[in-house]
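New notebook page. I wanted to see what packs around the start of the chain, then look at the core and the pocket.

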Amino acid sequence: RTRQDLEVTGNAYWEVLRNGAGQIARFVFVPSYSVRLLPRDEMPVQVRERVRTSAIGLEEATAPRRLRRYVQVEGGPPVYFRQLGDPRVVSRKTGRVFATRDALQAADPTDDTATEMLHLLVPAPASPYGVPRWIGALLSVLGSREMEEVNLAYFSNKSVPPLAVLVSGGRLADSSATRVERFVDEQIKGKKNFHKLLILEAETGSGAGEARAKIELKPLTDAQQKDGLFQMYDERNIDKVGATFRLPRILRGDGRESNRSTADAALRFAEEQVFQPECDEFDHTMNQLLLN
């Protein structure tokens, strides 16, 4: 669920819970759509950190950090969180900072200290929020959506009839139009009506020298849409979005033009160039930030 949030929205959040000794004991997944970031505090806070000095050595250090708070808004009243490692007493109801927990309890006995939040993100240069990897292909995503809606609308709004009745030298009798509609709806279904005939009547024009009325049935199947529109456009959009994740087609569920050799090569490429770097980055966060 963390990876899905990270790839869809560019952000993922974990609530960090500690035991009575102040050690990290549990993580709780928090849906990214429900979390908002507050601005960073203007005044830096002295934060104690454990820095790895060797493969097995850790040293404690203190460094100033400009911290931020988080708020979750989902259905009920907002709930505030503090950044991982924030040593301050922050109200979980209001987000206010208190000197001590006793001062917090004195202000509101039902309130308590906010728990910590870990923010995982795909970094964006101009925003504290992350951005999804596919944001560069946003126009392709929107274009494919519009293309699908156009094709869907064809069935209810853009249909071309299969047959046209053309009358020259006169006009179709009033009863014939109704007869055609009834015949199509009721008289051509089933094997017993396989050789049923449709009889149309035309009336000759009243002017002198009018030619005899002529009825012609012209098929319009050539004008009917045989397949979806913009299929090549959609194909290119699929490739553009897939390229933002650097994933070969076969790993996106498209096995066309693939054999065992190309499939093995695609899997090896994805493992070395896509999945392993992601694993290393995630492991670095876990090792340097949490396990320390």
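**Helix α1 and its cover**

I looked up what lies over the buried residues of α1, and the cover includes β1, β2 (24-30) and β10. Contact here means heavy atoms within 4.5 Å. This is a predicted model, where local features need pLDDT of at least 70, side-chain atom pairs count only at pLDDT 80 or more, and totals for chains, interfaces and linings use all residues. Residues are numbered from 1 along each chain as its sequence is written, and side-chain values use heavy atoms, with hydrogens and water left out.

Helix α1 spans residues 2-9, and its buried residues (under 20% relative accessible area, 1.4 Å probe, protein chains only) are Thr2, Asp5, Leu6 and Glu7. Helices are DSSP runs of H or I with at least four residues, strands are E runs of at least two, and both are numbered from the N terminus. After α1 I found Gly10, with a positive phi near 85 degrees.

**Core**

I then checked the largest nonpolar core (buried Ala, Val, Leu, Ile, Met, Phe, Trp, Tyr and Cys joined through side-chain atoms within 4.5 Å). Its 10 residues include Leu6, Trp14 and Leu118. β1 (11-18), β10 (116-121) and α6 (260-291) each supply at least two of its residues, and β1 gives the largest share, three.

I followed Leu118 too: leaving out residues up to four places away in sequence, Leu118 touches Leu84, Met286 and Leu290, among others. A second, separate core has seven residues, including Val30 and Phe81.

Key. Buried < 20%, exposed > 50% of the residue type's maximum accessible area, 1.4 Å probe, protein only.
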